[in-house]
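Colleague: I'm new to reading structures, and I'd love some help. Could you take me through it feature by feature?

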Amino acid sequence: YFSSSSHRMSSDGKPATFQPPPKPVIIDRQQQREERRFLSPEFIPPRGRTDPLKFYIERKDMIQRRKVFNIPEFYVGSVLAVTTADPYASEKTNRFVGICIQRGGKGLGATFVLRNVIEDQGVEVCYELYSPRIQAIEVLKLEKRLDDNLMYLRDALPEYSTFDVNMKPVSRLDHEEIPLNKLQVRMKPKPWSKRWERPKYNIKGIKFELPEKKMKEAQKWSQPWLEFDMLREYDTSKIEEKIWKEVSEELKK
Amino acid sequence: SITGACRAIQKLTRVRVVDNSALGNTPYHRPPKCIHVYNKTGVGKVGDKILLAIKGEKKKALIVGHKMPGPTMTPRFDSNNVVLIEDNGNPVGTRIKTPIPYILRQKEGEFSKVLAIARNFV
């Protein structure tokens with residue numbers, strides 16, 4: 001065929017050199033993804049003198065359940081939709097949408113509490129993560145909040161706990177960091193179910209509109225020596241590493 | 001010994017009437033209070049019948065939700081909800097807007113009429 005390269009004359013008058021096409025840039029997402037690892041808090045065994053064999057057997061059962069049913073990653077403060085099997089419901093399934101206010105329990109008895117306000121009535125449901133009655137867990141909005149425990153939402157204005165039952169899942173990219181919602185919640189007038197202004201709860205997500213005198217009085221109950229108490233220390237970093245390796249290997253099989 | 005405060009319904013608990021009956025919704029200077037629980041123990045849970053004192057009258061009612069946490073997977077409401085009922089089990093109101101737990105469907109025979117007027121289920 002007629003090649004045009006031999007006729008191509010550059011401005012210098014020399015024959016044109018072969019210009020290779022630009023190399024495609026390969027962004028290796030795999031490495032970026034593996035940097036962020038999430039170990040569900042119920043895998044970490046509580047501090048105590050029980051035989052680690054018990055936790056090992058429990059972890060095997062938990063992994064077995066996770067292979068059959070996908071339990072997504074979520075934190076306290078993310079909005080979830082859970083469908084459970086209910087013999088008394090029409091179509092035998094029951095779907096509940098709510099914000100996760102607390103994650104408790106370790107091992108197979110791990111629970112999470114979802115809260116929502118339906119028709120001006122606040123409803124909370126405590127679900128067991130590994131219960132066979134749960135048919136699907138969908139994360140509609142994945143985000144973190146300033147606290148580990150959002151029980152104060154019961155005493156906050158109802159607008160902070162209302163979530164649309166038919167809300168669409170909020171899309172997010174895989175390698176992005178989980179957004180931290182620094183929302184400061186406004187409360188109903190006192191009395192509250194617990195005295196949330198006291199330092200033992202260590203809540204950062206409330207906008208306290210109490211007078212300065214009350215805030216100072218609440219600091220009377222602070223126990224600043226607690227954070228230096230060596231008997232209460234529980235360093236989970238090494239345990240987490242071991243368990244993470246174990247769990248990720250088992251799940252890949 | 002003294003029993004601790006219970007967030008289920010017992011004698012003298014103030015309740016919130018959830019249906020749209022006239023008795024339940026007209027304002028009165030005293031809140032509706034439970035005066036008797038039709039139960040072996042005096043503690044009323046979801047699905048128990050109680051006697052209410054409303055506007056100077058006695059009326060039977062059915063508990064549809066309480067503040068006390070129950071078994072897992074059952075909902076826990078932020079207020080003690082109650083539906084006014086006649087002696088034969090017929091509800092006084094015509095509509096129930098607040099969500100009702102699915103557990104009530106277990107005793108379909110007694111509460112079928114109450115479940116029929118309920119709109120939302122949890």
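Modeller: Happy to! Let's begin with one pair: the side chains of A:Arg66 and A:Tyr130 are joined by a polar contact of 3.1 Å. A polar contact is a pair of N or O atoms within 3.5 Å; within protein, one must be able to donate a hydrogen and the other to accept it, and residues adjacent in sequence count only if both atoms are side-chain atoms. Before we go on, this is a predicted model: local features need pLDDT of at least 70, side-chain atom pairs count only at pLDDT 80 or more, and totals for chains, interfaces and linings use all residues. Residues are numbered from 1 along each chain as its sequence is written, chains are lettered from A and ligands numbered from 1 in the order in which they are written, and side-chain values use heavy atoms, with hydrogens and water left out.

Colleague: Which residues does A:Arg66 touch?

Modeller: Contact means heavy atoms within 4.5 Å. Leaving aside residues up to four places away in sequence, A:Arg66 touches A:Ser40, A:Glu42, A:Phe43, A:Ile71, A:Tyr130 and A:Leu251.

Colleague: Is A:Arg66 buried or exposed?

Modeller: Buried means under 20% relative accessible area, exposed over 50%, and partly exposed in between (1.4 Å probe, protein chains only). A:Arg66 has a relative accessibility of 16%, so it counts as buried. A:Glu42 is buried too.

Colleague: How do I recognise a salt bridge?

Modeller: Side chains of opposite charge can pair when their charged atoms come close. The rule asks for a side-chain nitrogen of Lys or Arg within 4 Å of a carboxyl oxygen of Asp or Glu. A:Arg66 and A:Glu42 form such a bridge, at 2.9 Å from N to O. This pair links distant parts of the chain, with A:Arg66 in helix α2 of chain A and A:Glu42 in the loop between α1 and α2, 24 residues apart. Helices (H or I, at least four residues) and strands (E, at least two) are DSSP runs, numbered from the N terminus.

Colleague: How many salt bridges are there over all chains?

Modeller: The count comes to 16. One of them joins A:Arg37 and A:Glu241, whose closest N and O atoms are 3.5 Å apart. A:Arg37 lies in the loop between α1 (29–35) and α2 (52–68) of chain A and A:Glu241 in helix α4 (residues 237–252), so this pair ties together parts that are 204 residues apart in sequence. A:Arg37 is partly exposed at 44% relative accessibility, and A:Glu241 is partly exposed at 41%. Another bridge, between A:Glu250 and A:Lys253, has its closest N and O atoms 3.4 Å apart. Here A:Glu250 is partly exposed at 28%, while A:Lys253 is exposed at 70%.

Colleague: And how should I read the place where two chains meet?

Modeller: The size of an interface is often given as the accessible area lost when the parts come together. Buried area is that loss (1.4 Å probe), summed over both parts. Chain B and chain A bury about 1800 Å² between them, 54% of it on carbon and sulfur atoms. B:Met73, B:Arg76 and B:Tyr102 supply 39% of the area that chain B buries against chain A, more than any other three residues. The contact takes 19 residues from chain B and 23 residues from chain A.

Colleague: How many salt bridges cross the interface of chain B and chain A?

Modeller: The rule finds two. In one, the side chains of B:Asp78 and A:Arg115 meet at 2.9 Å, N to O. A network of salt bridges links A:Arg115, A:Glu124, A:Arg154, B:Arg76 and B:Asp78. There are also nine residue pairs in polar contact between chain B and chain A, both residues at pLDDT 80 or more. Strand β5 (residues 75–77) of chain B gives the most to its side of the contact with chain A, with three residues.

Colleague: What does that strand pair with in chain A?

Modeller: Two strands pair if DSSP finds at least two bridges between them. β5(B) pairs with strand β4 (residues 121–128) of chain A in the antiparallel sense, over three bridges. In β5(B), B:Phe77 is the bridge partner of A:Val123.

Colleague: What about a sheet within chain B?

Modeller: Chain B has an open sheet of five strands in the order β1-β6-β4-β3-β2, with mixed pairing. β1 (16–17) and β2 (33–37) stand at the edges, each with a single partner strand, so one side of each is left without a neighbour in the sheet. β2(B) pairs with strand β3 (residues 49–54) of chain B in the antiparallel sense over four bridges, and B:Cys34 stands opposite B:Leu52 in β3(B).

Notes. Buried area = accessible area lost by both parts, 1.4 Å probe.
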